[in-house]
Amino acid sequence: MLYDIRLEGMEFRAYHGCYDLEQLVGNRFVVDMKITVDLGRVAGDDDVTKAVNYLTVYELVRETMAVKQRTIERVACNIIAAVRGRFPQIEAVECRVAKLAPPLGGKVDRVSVTLRG
């Protein structure tokens with residue numbers, strides 16, 4: 001049986017962007033994740049050590065967000081790789097990275113990418 005873990009609305013100040021100024025002054029980003037995992041013996045054994053620990057996932061996302069990148073596509077790829085590397089039992093990951101108030105010369109709430117891997 002498969003189940004989903006969702007971490008929604010993780011907000012970070014980070015320095016991603018294609019413009020040098022973005023990498024200097026930073027911006028606010030929001031990361032949402034959906035992680036699909038085989039339930040295995042997690043529920044039957046009521047054993048947290050067999051589960052994907054969402055605190056660890058959050059810490060991996062936070063650490064990954066601290067590494068400057070030019071594109072949010074690269075950021076999302078790095079997040080997926082870090083989470084999959086730590087939890088090999090993951091079946092699938094969906095990661096959305098959104099830049100809030102991007103510098104596009106007009107009113108835009110956010111721009112985001114969603115990767116599935």
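**Entry 1: the sheet**

Before writing down a sheet I fix what pairing means: two strands pair if DSSP finds at least two bridges between them. With that in hand, and keeping in mind that this is a predicted model, I looked up the strand order and found an open sheet of four strands in the order 1-2-3-4, with antiparallel pairing. Strand 1 (2–14) and strand 4 stand at the edges with a single partner strand each, so one side of each is left without a neighbour in the sheet. I also noted the turn between neighbouring strands of this sheet, which is 15° on average when direction is ignored.

Two helices pack on this sheet, and I recorded them in turn. Helix 3 (residues 54–65) touches strand 1 and strand 2, and its direction makes about 35° with that of strand 1. Helix 4 (residues 72–86) touches strand 2, strand 3 and strand 4, and its direction makes about 145° with that of strand 3.

**Entry 2: the chain as a whole**

I then stepped back to the full chain, whose secondary structure comes to four helices and four strands. Read from the N terminus on, the elements run β-α-β-α-α-α-β-β. For the overall extent I took the C-alpha trace, which spans about 55 × 25 × 20 Å along its principal axes.

**Entry 3: bridges, pair by pair**

How many bridges hold each pair of strands, I asked, beginning with strand 1 and strand 2? Strand 1 and strand 2 pair in the antiparallel sense over 11 bridges. Strand 2 (residues 27–38) is joined to strand 3 (residues 90–100) by nine bridges, and these two run antiparallel. Between strand 3 and strand 4 (residues 110–116), again antiparallel, I noted seven bridges.

To follow the register across the sheet I picked out single residues. Phe12 stands opposite Phe29 in strand 2, and Phe29 in turn stands opposite Lys99 in strand 3. Elsewhere, Met33 has Cys95 in strand 3 as its bridge partner, while Leu100 has Arg110 in strand 4 as its own.

**Entry 4: two arginines of strand 1**

Arg13 has its place in strand 1, and I wanted to know which residues it touches beyond those up to four places away in sequence. The contacts of Arg13 are Val25, Gly26, Asn27 and Arg28. One of these, Asn27, lies 14 residues from Arg13 along the chain, and the C-alpha atoms of the two are separated by 5.7 Å.

Arg6 is also placed in strand 1. With residues up to four places away in sequence left out, Arg6 touches Met33 and Lys34. I checked Arg6 against Ala81 as well, 75 residues apart along the chain, and found their C-alpha atoms separated by 17 Å.

**Entry 5: salt bridges**

The structure holds eight salt bridges, and I wrote out one of them in full. The side chains of Asp32 and Arg96 meet in a salt bridge at 3.9 Å, N to O, a value I set beside the cut-off, which asks for a side-chain nitrogen of Lys or Arg within 4 Å of a carboxyl oxygen of Asp or Glu. This pair links distant parts of the chain, with Asp32 in strand 2 and Arg96 in strand 3, 64 residues apart.

**Entry 6: the largest pocket**

Last, I looked for open space and took down the largest pocket, whose volume is about 200 Å³. Which of the 13 lining residues are the closest to its centre? They are Gly17, Cys18, Glu22, Lys99 and Val111. By character, the residues of the lining divide into seven nonpolar, two polar and four charged. Lys99 is a residue I had already met in the sheet, where Phe29 stands opposite Lys99 in strand 3.

How values were computed:
Residues numbered from 1 in each chain as written. Predicted model: local features only at pLDDT ≥ 70, side-chain atom pairs only at ≥ 80, totals over all residues. Heavy atoms only, no water. 1 Å grid on protein atoms, 1.4 Å probe; cavity = no way out; pocket = protein on both sides within 12 Å on 5 of 7 lines; lining within 4 Å. Points joined across faces, edges and corners; volume = space filled by probe spheres on them. Nonpolar A, V, L, I, M, F, W, Y, C, P; charged D, E, K, R; others polar. Axes fitted to C-alpha atoms, helices over the stretch in contact; angles between N-to-C directions. Contact = heavy atoms within 4.5 Å.
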